[in-house]
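Grab a pencil: here are some short exercises on aromatic rings, each with a worked solution. Have a look at the model before you start.

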Amino acid sequence: MERKAGNMKDVKIEQRIDALLSRMTLEEKAGQLHQAGGSLVGAFDMTIGDIFTMVEDGRMTREEAHKLLSESKRDWQEEDLRAGRIGSYIGITSAEEMNRLQHIAVEESRLGIPVFNGFDVIHGFRTITPIPLAESCAWEPALWERTARMSAEEASSAGIHMTFSPMVDVSKDPRWGRIAESAGEEALLNGLYGEAKVKGYQTEDLTRHDALAACVKHFAAYGAAEGGRDYNRVDMSPQRLEEEYLPSYERAVKAGAWAVMPAFNDISGVPCSVNRKLLTDILRRRWGFEGMTISDANAIAECINHGIAADRQDAARQALNAGMDMDMTSGCFLENLKTLVENGAVSVETLDEAVRHVLRLKFALGLFDDPYRSSAAQERAAMLTPAHRALAREAAQKSMVLLKNEGVLPLEKHMCVGLAGKLAFDGDEMSGTWAGFVKPGDCVSLSDAMHGASIAFVPVTEDMLPECDVFLCAVGEHKEESGEAASRARLELNETDLALLRRLRESGRPVIAVVFAGRPLCLGPVVEAADAILMAWHPGVEAGNAILDLLYGRVNPSAKLTAGFPVTTGQCPTLYYDHIMTGRPAGKFKFTSKYLDSPVEPLFPFGFGLSYTSFHYSDISAVQTEDGIHAEISVDNAGDWAGDEIVQCYFRDPVARRVRPVRKLAAFSKITLQPGESRRLSFEIPFQMLGYYDQDMHFCVDDGQIEIFIGGNVWDTEKADVILTRGE
Ligand code: BGC
């Protein structure tokens, strides 16, 4: 039988929920399903959205906006809270404030039901770690879990109970800005990443004061938005949805996540917010999910824009009936659920079921017995400690991918460095997207780190190239250029950075490019202009220190890409490694599936990343076992450095009932080898993993040939064949 999601029901708690439900009015029930955001109050008449717009169009600096947002008071609609019209808040980041509001809920509302508070703790709270896309390049679930634990410790002490994380949207299109928040283009990696994050946030015991409820998002297939344009449509075959997109959510849900957030997008014409098939048939019935669903921000009201709901009441009706439990900030549930029940458009059982899911979470968090989980003292103690900085540094070291090294790295400490590019001097840019609680000055820039390590450097100015041994040039994206609502139609590096790199190149001295970005970029011209390239992403608070650790060889680079890098933007969205074979695979002949003006393959493939040592693969073997395929390979460290290698195992089913991918990641292993050391590794691939859906949506595993590929990246593998004879 298929494994179901963790059992979240406890008989005694269900009885307490029954007792509460029997005392609640329809208004109070609707109130439990409403999540409120705080509006800004003060001597100005602006929304948070207005402030963002002013930053974008230059009317306000980022520093001014930060000051305004962090210092201005918020209106938390206390009268509504007292009246039982608020079930949850989004965005409280202070234990004191949270406890003050909790007192109102518990002591002054009629039924004394506590509220919970959610926040986007995406890659750290105050101690910002690398963006998820970067951290995924470590291929290390234990690290993902440890950084989630750290985030939870910090955020919980600031009055937060739920994080809107992990995001496990498979992202095959780097034009989509939210690829930064994902674990890249691979379903297995996104699933493992999500599972580790859920464990790290929640622990085994959600009543712990330092635990956070995890919210798996965005269910489903948000990463497949057409054209890579945010919030756009998703239209795909049911087979593809099942095989490539749903598995990552399923794994994270079955790891025990307490919440799931349906996505903004529609799938084949039905917005996820009102998608009964997704929210009820798949999530609840098939996977056995017993936690709560919460809409994305304002998403229920946006069903009117989608053209699927006539008005706010119609949107509320469709969402609740489809299986949405809580409304994030739109107010549609609060305004309309009472009327909808009275009209018979929504049954009281459906309403009660949604309230039950929300109350179940509040009980699981221990809020009924222990509503004031954090205190101001804890808040001050937990943030940005030396141990947290050390973990952020380790995560950054393990996330940065060495893309090119023509014998210039590692650097030696006595060399004089010419430091170029604005991003080398701007710590605040290092946090990347979704770092709402980071403070100016928290992040160590490249120049800060060089000062700290007493490395001699001279800044490169616009009109002068200084005397130096080597140039270190920071290029790439600002933090606002990736993340939500940051899709791009051009992934080429900006002209200023390119001109700078070329200027340095002309000097004839070695050039090392450090690329900051929230997504794969087209780095062809950088490959031409630089002797070495370190893909640093947006690395978080320890950015500069971790970069120097790698550039100076204190740490040997080990990260490998979890999304391919395009040659040109026109290759998107067909860039990904697990594409299928057409009837006319790209070749020399004209009439094949290719471009006239660009290769089909990426510039850097999935799984790629260099080290200061080299690994050699030999003696691959693969056999059928009772449960699947057992494969082995020998790996040895053929260089002079100790190093970590991420060994990847792929398969292909060359003759199937439906066209299958040219490669599919089945397993991986991260190992450390000393110079000269060799190890034999084995991988188990269960039959289930080889399976797929046929034309009639029957899941099948074929007998016959399966090809196994093992190596250091998707292009660089050894091959073995197995003939499956299961007789089914
Ligand atoms: C994003 C979500 C996020 C929510 C709350 C939305 O715009 O899509 O990922 O959790 O805002 O901040």
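**Exercise 1.** In this predicted model, work out whether Trp76 and Tyr89 are buried or exposed, and how their rings are arranged.

*Solution.* Start with the surroundings: Trp76 and Tyr89 are both buried. Next, take the ring centres, which sit 5.3 Å apart. That is within the 6.5 Å cut-off, so the rings count as a pair. Now the angle: the planes are at 80°, and since anything over 60 degrees is edge-to-face, that's the label here. Finally, place them: Trp76 is in the loop between strand 3 (73-75) and helix 5 (78-82), while Tyr89 is in strand 4 (residues 88-90), so the pair links parts 13 residues apart in sequence.

**Exercise 2.** Classify the pair made by Phe125 and Phe437, and say which parts of the chain the pair ties together.

*Solution.* The planes meet at 10° and the centres are 4.2 Å apart, so you call this pair stacked. Phe125 belongs to the loop between strand 5 (116-119) and helix 7 (132-136). Phe437 belongs to the loop between strand 14 (417-420) and helix 18 (446-452), so the pair ties together parts 312 residues apart in sequence. For burial, the cut-off is under 20%. Phe125, at 1%, is buried, and Phe437, at 12%, is buried too.

**Exercise 3.** Which ring does the charged end of Arg663 sit over, and which ring face does Arg726 lie over?

*Solution.* Arg663 has its charged end over the ring of Phe709, 3.6 Å from the centre. Arg726 lies over the face of Phe687, 4.5 Å from the ring centre.

Methods
Residues are numbered from 1 along each chain as its sequence is written. This is a predicted model: local features need pLDDT of at least 70, side-chain atom pairs count only at pLDDT 80 or more; totals for chains, interfaces and linings use all residues. Side-chain values use heavy atoms; hydrogens and water are left out. Rings of Phe, Tyr and Trp (its six-membered ring) pair if their centres lie within 6.5 Å; planes under 30 degrees apart count as stacked, over 60 as edge-to-face and the rest as tilted. Helices (H or I, at least four residues) and strands (E, at least two) are DSSP runs, numbered from the N terminus. Buried means under 20% relative accessible area, exposed over 50%, partly exposed in between (1.4 Å probe, protein chains only). A charge sits over a ring if NZ of Lys or CZ of Arg is within 6 Å of the ring centre and within 35 degrees of the ring normal.
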